[in-house]
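Dear colleague,

I am passing on a structure that you have not worked with before, and below it I set out what was found in it. Please keep the view open while you read.

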Amino acid sequence: ASNLTAGSKENDTMAAFSADGKFIAFRSERSPNGIYVMEQTGENVRRVSDIGFHPSWSPDGKKIVVSDKAAAIHTVHTVPNSSLFVIDVATGARQKIETNGDAILPNWSPNGHRIAFWFVTEGKLPAIATIPAAGGTPVIVAENDAADWNPVWSPDGKQIAYNTFTGSGSDTELGLWVMNADGTGATLLLSSAF
């Protein structure tokens, strides 16, 4: 393992490789904080945005989508108040994607056409949706009796893997599911009770 941000005394987290593997985007709490990009070797570090968490690259490596709030697991994000922004890596220009509500932990599809994200609605469990990368109407693809979060596209873009959380107390179960990109055919791959 190589520490690519050894010169930073603050937290550097949420690293994401570009599709070609040449660059890494990450969240840094250094001053000034925000979203940074560096070469895979840790060289040429530069800030591309003063906002953002959970960066995900467009397939062509020209843009990054971020949420303006951070959450590691669904229980950390319970109030619907997060938005998505697309950041141009070269210029730093950003555009808000209107999702008609909450949106967090985005993940760009391999073909570049859609972005998956999870969201909460007041009084409901977290669910998963996709939206056109250029903006448009979100499509809910996972909404059930479990808290669904952390969507990740398969390399061919045909499926989405995601986590679920059900129960409480001694009946709590964490699951890893995969479904077709349109939300059909959900299959449990792995579960763990704790």
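How many bridges join strand 14 to strand 15, and in which direction do the two strands run? Strand 14, which covers residues 159-166, is joined to strand 15, residues 173-180, by 8 bridges, and the two run antiparallel. Please bear in mind throughout that this is a predicted model. Within that pair, threonine 164 stands opposite glycine 175, which belongs to strand 15.

Both strands belong to an open sheet of 4 strands, whose order is 13-14-15-16 and whose pairing is antiparallel. The edges of this sheet are formed by strand 13 and by strand 16 (187-193), each of which pairs on one side only. From one strand to the next, the twist averages 20°.

There is also an open sheet of 4 strands with the order 5-6-7-8, and here too the pairing is antiparallel. Strand 5 (53-57) and strand 8 (94-97) each have a single partner strand and stand at the edges, so one side of each is left without a neighbour in the sheet. Neighbouring strands of this sheet are turned against each other by 25° on average, with direction ignored. If you would like to follow one pairing in detail, strand 7, made up of residues 84-88, is joined to strand 8 by 4 bridges, and these two strands run antiparallel. Valine 86 has glutamine 95, in strand 8, as its bridge partner.

Turning to the pockets, the largest one has a volume of about 260 Å³. Its lining consists of 16 residues, and those that lie nearest its centre are Ser56, Trp57, Asn107, Trp108 and Pro110. Two or more residues of this lining come from each of strand 1 (12-17), strand 5, strand 9 (104-108) and strand 13 (147-153), so that strand 5, an edge strand of the 5-6-7-8 sheet, and strand 13, an edge strand of the 13-14-15-16 sheet, both take part in it. By residue type, the lining of the largest pocket divides into 10 nonpolar and 6 polar residues, with no charged ones.

The second largest pocket has a volume of about 170 Å³, and 13 residues line it, with Phe23, Val37, Trp57, Gly61 and Val89 lying nearest its centre. Trp57 is therefore a residue to look at in both places, as it is named nearest the centre of the largest pocket and of the second largest. The lining of the second largest pocket is made up of 7 nonpolar, 3 polar and 3 charged residues.

With kind regards

Definitions and conventions: Residues are numbered from 1 along each chain as its sequence is written. This is a predicted model: local features need pLDDT of at least 70, side-chain atom pairs count only at pLDDT 80 or more; totals for chains, interfaces and linings use all residues. Side-chain values use heavy atoms; hydrogens and water are left out. Two strands pair if DSSP finds at least two bridges between them. Axes are lines fitted to C-alpha atoms, for helices over the stretch in contact, and angles run from 0 to 180 degrees between N-to-C directions. On a 1 Å grid over the protein atoms alone, a cavity is a set of points where a 1.4 Å probe fits but cannot get out, and a pocket is an open set with protein on both sides within 12 Å along at least five of seven lines; lining residues have an atom within 4 Å of a point. Grid points are joined across faces, edges and corners, and a volume is the space filled by probe spheres set on the points. Ala, Val, Leu, Ile, Met, Phe, Trp, Tyr, Cys and Pro count as nonpolar, Asp, Glu, Lys and Arg as charged, and the others, Gly among them, as polar.
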